[in-house]
Amino acid sequence: MEFSEVLVRYGELSTKGKNRREFINRLHGNVSRALHDLSHLDISTKRDRMHIKLNGENWEVVDEKLSKVFGIETYSPAIKVSKNIEDIQEAAVEMMKAIYHEGLSFKVNTRRSDHEYDLDTNEINQLVGGSVTDALPDIAVKMKNPDVVLRIEVRHDAVYLSNRTIKGAGGLPVGTAGKAMLMLSGGIDSPVASYLTMKRGIEIEMVHFYSPPYTTDKALAKAKALTSKLAAYSGKIKFIAVPFAHIQEQIKQNIPEGYLMTVQRRFMLKLTDLIREQRKGLAISNGESIGQVASQTLESMMAINDVTTTPIIRPVATLDKTDIIRISEKIDTFDLSVMPFEDCCTIFAPTRPKTRPKTEKAVLYENALDSESMIQEALDNIQITDIYPDQDFISTNNQDEFEDLL
Amino acid sequence: MIYFDNSSTTLINANVLNTYQAVSQKYWSNPSSLHKFGEKSFMLVEQSRLQIADLLGVKGSEVFFTSSGTESDNWAIKGTAISKRKLGNHLITTQIEHPAVLNSMKQLEELGFKVTYLPVDQTGIVSPDSVEQAITENTILVSIMAVNNEIGSIQPIAKIGDILKEYPSIHYHVDAVQAIGKNLWSKLFHPRIDLMSFSAHKFNGPRGVGFLYKKANRQLQPLLSGGGQEQNLRSGTENTPGIVASAKALRLTIETQQKTAQQTVAIKRELLDYLTDKPGISIFSPDASDFAPHILTFALEGVRGETLVHLLEEQEIYVSTTSACSSKDETGSGTLKAMAVDDRIAQGAIRLSFSSENTLAEAQEFISKFEEIYKRFENISY
């Protein structure tokens, strides 16, 4: 018994009146991209749901990839059988046996699009339901709120059965809510912020600051590896690497110790905002969590946020660290995040940063710097790469080289 | 030359030796060095670790490199004793373990730990019930070998694992040095096992490399303190060429283990056919499902094993008395003693152990050479 197609039910988007068409088109595109490697699939979109014909492709792979596409409420794999009622009964029994446990209740729900079929829906319900209760005498039949609905669809070509409903990723299709720049450090919080931002339909582009020779190539590779993990939710993410060492050196030379952190962060936000403007983004998103470190007190946020009026989304602002870690484990970024490579935020970190910096003072100290040319130099040297799911940035280069040895 | 002593050590595989040499010359940097040259060696060690973990079906972070099977055993036992000394002071093992286990236990006894040495039945197998009966509230470790090195008896590792599910705080250590690559893994690997010892030179890998499987979250104090290698649990600059060569040797061994097992058991059967029912011959390694395919131990009553070893060596046939480690020890075989084999017979025991390099023709040659020796003593003893 092999699944032959998948029925996909839309999430919240079903309720969103006039934007519906755009949502559905976007979801179709996102699903197609997520399943791109499986070339035999046939994906068709309807007003209220999507059909994916497997045409021999592996259901487990489809399941794994589909579970990461935002905008899907639930999905159900279905089995295709001939229109012979005995075949339908046999498949129904087998499918119910596969999920049966003590106390399970079910009902049969038949729909016919082939109205020529010689049995009507009630007859099919009874015949199939009867064969299931014969095979599983202890199963309960329940018309209201059963544990399992065995769906049967009689179409012109064949009959389709399904009895599993898998919860999708929820949220809104990525891209339906515009684009934001995501400030990705490489720690635990910003990948989680990325995930949560995309979940609300926002397309993200990663802005990552790196500072060679103070930081290693490994820190950059780690940020890219994290991006690749997150790209599983959108198909592709642009990764924008911003060289930051020169700015940091000048800040270090000219700014009093207590304001080193605040001023560095102001520069990062300014740069991110300028990149956002170039790339036509509508917001900035980051992994700030209130009170976690000196730069994430409300006073610090105030002094840093002062450089822009662009909306800043902070999805993890009010989450506890343990909750953030739980999400990072779920999205499989945790192990990468805890790899011990220093990022640009920890170098030049003052031993005693101000937790209550004042905006006016930060502005005053900054006047000693030639901010404009520092920023321009960084912008001139940004590097943009497309990053896809399942790319290996940590060990690829060596694997081939080591192959003969191992 | 006929080499029937593969449980003592094996010939390093030619491809493995090539790897050893290539790595020694190309990736000789210290894996802990910060520079790229060091990073390469680090990656290579980690890749090897992952390969071994994959072959064992465990996680990379659960594989720790050591210098030998002996070190792995010492670490598993003494490391557990140190980690868990506040929870209890009782350890359980068998009378037929390798000296690396038995003597570690003896050292711990001198420090005040209590050790139960479980007996075995006359076939050389410990009873799972006796393990359960020996458990007290102070028990912190159960250490049982998977395959006995002297006669090849397979211990009921999975059954003991099932029993230990009820005692989650006890560490379960398995000395798998003789078991790896013998096509026995599915039978022996049990999810309850916390610690497992291995040695590379037993599977055509280089000398000087062992590894220990330690299940995630199981606490084990290090014996070697220093620069913090191996997750700060086993310090000492990594033996990069040895580690990479071992990973390769394990892959080659596991890829061919089914065929090797068939081949060695065919040799074993050929020899058993000859030895069975021969007057004066006692066989300790029957052709049975609870005996490893590669070990055949038997005795010729009234003739010392050592004498047989030397007579065979004149024919360029190399075998062992019992385990090579104790071969030069006058006390004889610990396993046979534990099986209550009469001393006169036990002293006459020799162990033949086979590898993929051995052939049926060698078995036949052994038979004809041994027959001459046998005839020579026939008149003296019988």
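**Exercise 1. Which residue is the bridge partner of Leu7(A) in β4(A)?** Describe also the surroundings of strand β1 of chain A.

*Solution.* The model is predicted, so that local features need pLDDT of at least 70 and side-chain atom pairs count only at pLDDT 80 or more, while totals for chains, interfaces and linings use all residues. Residues are numbered from 1 along each chain as its sequence is written, chains are lettered from A and ligands numbered from 1 in the order in which they are written, and side-chain values use heavy atoms, without hydrogens and water.

Step 1. Helices (H or I, at least four residues) and strands (E, at least two) are DSSP runs numbered from the N terminus, and two strands pair if DSSP finds at least two bridges between them.

Step 2. Strand β1(A), residues 3-10, pairs with β4(A), residues 72-81, in the antiparallel sense over seven bridges. Within β4(A), Ser76(A) is the bridge partner of Leu7(A).

Step 3. β1(A) is also joined by five bridges to β3(A), residues 49-53, again running antiparallel. Here Val6(A) has Ile52(A) as its bridge partner.

Step 4. Six of the eight residues of β1(A) are buried; buried means under 20% relative accessible area, exposed over 50%, and partly exposed in between (1.4 Å probe, protein chains only).

**Exercise 2. Why is strand β10 of chain A largely enclosed?** Identify its neighbours as well.

*Solution.* Step 1. Five of the five residues of β10(A), residues 179-183, are buried, so the strand is largely enclosed by the rest of the structure. Lys179(A), Met181(A) and Met183(A) point one way, Ala180(A) and Leu182(A) the other way.

Step 2. β10(A) runs parallel to β11(A), residues 203-210, through five bridges, and Met181(A) stands opposite Glu205(A). The chain passes from β10(A) through helix α5(A), residues 189-199, to β11(A) in a right-handed β-α-β crossover (with the strands pointing away from the viewer, the path from the first strand over the helix to the second runs clockwise).

Step 3. Four bridges join β10(A) to β13(A), residues 283-286, also in parallel; Met183(A) stands opposite Asn286(A).

**Exercise 3. At what angle do helices α8 and α12 of chain A pack?** Classify the residues of their contact.

*Solution.* Step 1. α8(A), residues 260-278, and α12(A), residues 359-366, pack at about 80 degrees, with axes 10 Å apart. Axes are lines fitted to C-alpha atoms, for helices over the stretch in contact, and angles run from 0 to 180 degrees between N-to-C directions.

Step 2. The two helices are therefore roughly perpendicular (angles under 35 degrees count as roughly parallel, over 145 as roughly antiparallel, 65 to 115 as roughly perpendicular, the rest as oblique).

Step 3. The contact (heavy atoms within 4.5 Å) includes Phe267(A) of α8(A) and Val363(A) of α12(A). Its residues divide into four nonpolar, two polar and three charged; Ala, Val, Leu, Ile, Met, Phe, Trp, Tyr, Cys and Pro count as nonpolar, Asp, Glu, Lys and Arg as charged, and the others, Gly among them, as polar.

**Exercise 4. Is Ser143(B) buried or exposed?** Locate this residue and list its contacts.

*Solution.* Step 1. Ser143(B) lies in strand β5(B), residues 139-145.

Step 2. Ser143(B) has a relative accessible area of 0% and is buried.

Step 3. Leaving aside neighbours within four places in sequence, the contacts of Ser143(B) include Ile77(B), Thr93(B), Met105(B) and His173(B). Met105(B) is 38 residues from Ser143(B) in sequence and 9.9 Å away in space, C-alpha to C-alpha.
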